[in-house]
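Q: Could you zoom in on one helix of this protein and walk me through what surrounds it? I'm new to this, so please take it one step at a time.

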Amino acid sequence: MINDELRKTLSEKEIPNGFIKTTERPVEGLSAEQKVLLNRKGNALFNQGKYNEALSIYMTTGYSDGLSRIGDIYAEKKQSLKALKLYQLAHNKKSSEPIIQKIAEVLSVLIKEEKSE
């Protein structure tokens with residue numbers, strides 16, 4: 001008895017590569033200078049609205065602020081699980097905890113529905 005909103009949230013459209021994979025790590029061996037240059041390029045791409053290209057750079061460098069900003073874009077588009085993934089990678093508890101709470105509430109409702117049937 002999954003409601004329509006939850007069904008949409010769990011659709012392949014929102015999560016094309018499975019649930020939440022948080023094993024990505026920044027590339028090791030980049031110097032501080034290389035990271036700064038890459039992050040500047042990522043920020044320029046972000047400001048141009050080229051979010052996927054910026055995300056690739058932020059993932060490479062592990063730039064938590066950039067990851068969080070891309071997460072905010074997904075959150076605005078109501079793509080909570082994509083946003084959560086990026087918030088988790090950025091170690092951004094302030095932004096990830098409300099999404100986790102919402103997921104817990106939905107699961108609680110589903111469990112109660114299942115038990116009442």
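**A close look at helix H4**

A: Let's start with one residue, Ser68, which sits in helix H4. Keep in mind that this is a predicted model. Is Ser68 buried or exposed? Ser68 is buried: its relative accessible area is 10%, and the cut-off for that label is under 20%. Leaving out residues up to four places away in sequence, Ser68 touches Tyr87, Ala90 and Asn92. One of these partners, Tyr87, is itself on the list of buried residues of helix H5.

So where does H4 fit in the whole protein? The protein has six helices and zero strands, so the order of elements from the N terminus reads α-α-α-α-α-α. Of its 117 residues, 25% count as buried. Looking at contacts with a separation of 6 or more, 43% come from residues 24 or more positions apart.

Now back to H4, which covers residues 64–76. Asp65 and Arg69 form a salt bridge through their side chains, with 3.3 Å from N to O. Why can these two reach each other? Side chains of opposite charge can pair when their charged atoms come close. The spacing is worth a look too: Asp65 and Arg69 are four residues apart in H4, which puts about one helical turn between them. An α-helix has 3.6 residues a turn, so residues three or four places apart point the same way. Asp65 is partly exposed, at 40% relative accessibility. And how many salt bridges are there by this rule? The count is one.

Next, the neighbour on one side. H5 covers residues 80–89. The axes of H4 and H5 come within 8 Å and cross at roughly 165 degrees. That angle is over 145, so H4 counts as roughly antiparallel to H5. The contact uses Leu67, Ser68, Ile70, Gly71, Asp72, Tyr74 and Ala75 from H4, and Lys82, Ala83, Leu86, Tyr87 and Leu89 from H5. Sorted by class, that gives eight nonpolar, two polar and two charged residues. As for handedness, H4 passes H5 in a left-handed crossing.

Notice that Ser68 and Tyr87 both turn up in that contact, which fits with Ser68 touching Tyr87. H5's buried residues are Leu81, Ala83, Leu84, Leu86, Tyr87 and Leu89.

What about the neighbour on the N-terminal side? Helix H3 spans residues 51–61. Its axis and that of H4 come within 9 Å, and they cross at roughly 145 degrees. This crossing is left-handed as well. On the H3 side, the contact is made by Tyr51, Asn52, Ala54, Leu55, Tyr58 and Met59. On the H4 side, the residues are Gly66, Leu67, Arg69, Ile70, Ile73 and Tyr74. By class, the H3 contact has nine nonpolar, two polar and one charged residues. Arg69 is one of the H4 residues here, and Arg69 is also a partner in the salt bridge with Asp65. Leu67, Ile70 and Tyr74 are listed for the contact with H3 and also for the contact with H5.

Now for the loops on either side of H5. Which residue in the loop between H4 and H5 has a positive phi? Lys78 lies in that loop, and its phi is near 65 degrees, a positive value in a residue other than glycine. Most residues other than glycine have a negative phi, and most peptide bonds are trans. Lys78 is exposed, with a relative accessible area of 64%. Just after H5, His91 takes a positive phi too, of about 55 degrees. His91 lies in the loop between H5 and H6 and counts as exposed at 68% relative accessibility.

Past that loop comes helix H6, residues 93–116, which holds Ser96. Ser96 is buried, with a relative accessible area of 2%. Not counting residues up to four places away in sequence, Ser96 touches Leu84, Tyr87 and Gln88. That brings us back to Tyr87, which Ser68 of H4 touches as well.

Note on methods. Residues are numbered from 1 along each chain as its sequence is written. This is a predicted model: local features need pLDDT of at least 70, side-chain atom pairs count only at pLDDT 80 or more; totals for chains, interfaces and linings use all residues. Side-chain values use heavy atoms; hydrogens and water are left out. A salt bridge is a side-chain nitrogen of Lys or Arg within 4 Å of a carboxyl oxygen of Asp or Glu. Helices (H or I, at least four residues) and strands (E, at least two) are DSSP runs, numbered from the N terminus. Buried means under 20% relative accessible area, exposed over 50%, partly exposed in between (1.4 Å probe, protein chains only). Contact means heavy atoms within 4.5 Å. Axes are lines fitted to C-alpha atoms, for helices over the stretch in contact, and angles run from 0 to 180 degrees between N-to-C directions. Angles under 35 degrees count as roughly parallel, over 145 as roughly antiparallel, 65 to 115 as roughly perpendicular and the rest as oblique. A crossing is left-handed if the near helix is turned anticlockwise from the far one by less than a right angle, and right-handed if clockwise. Ala, Val, Leu, Ile, Met, Phe, Trp, Tyr, Cys and Pro count as nonpolar, Asp, Glu, Lys and Arg as charged, and the others, Gly among them, as polar.
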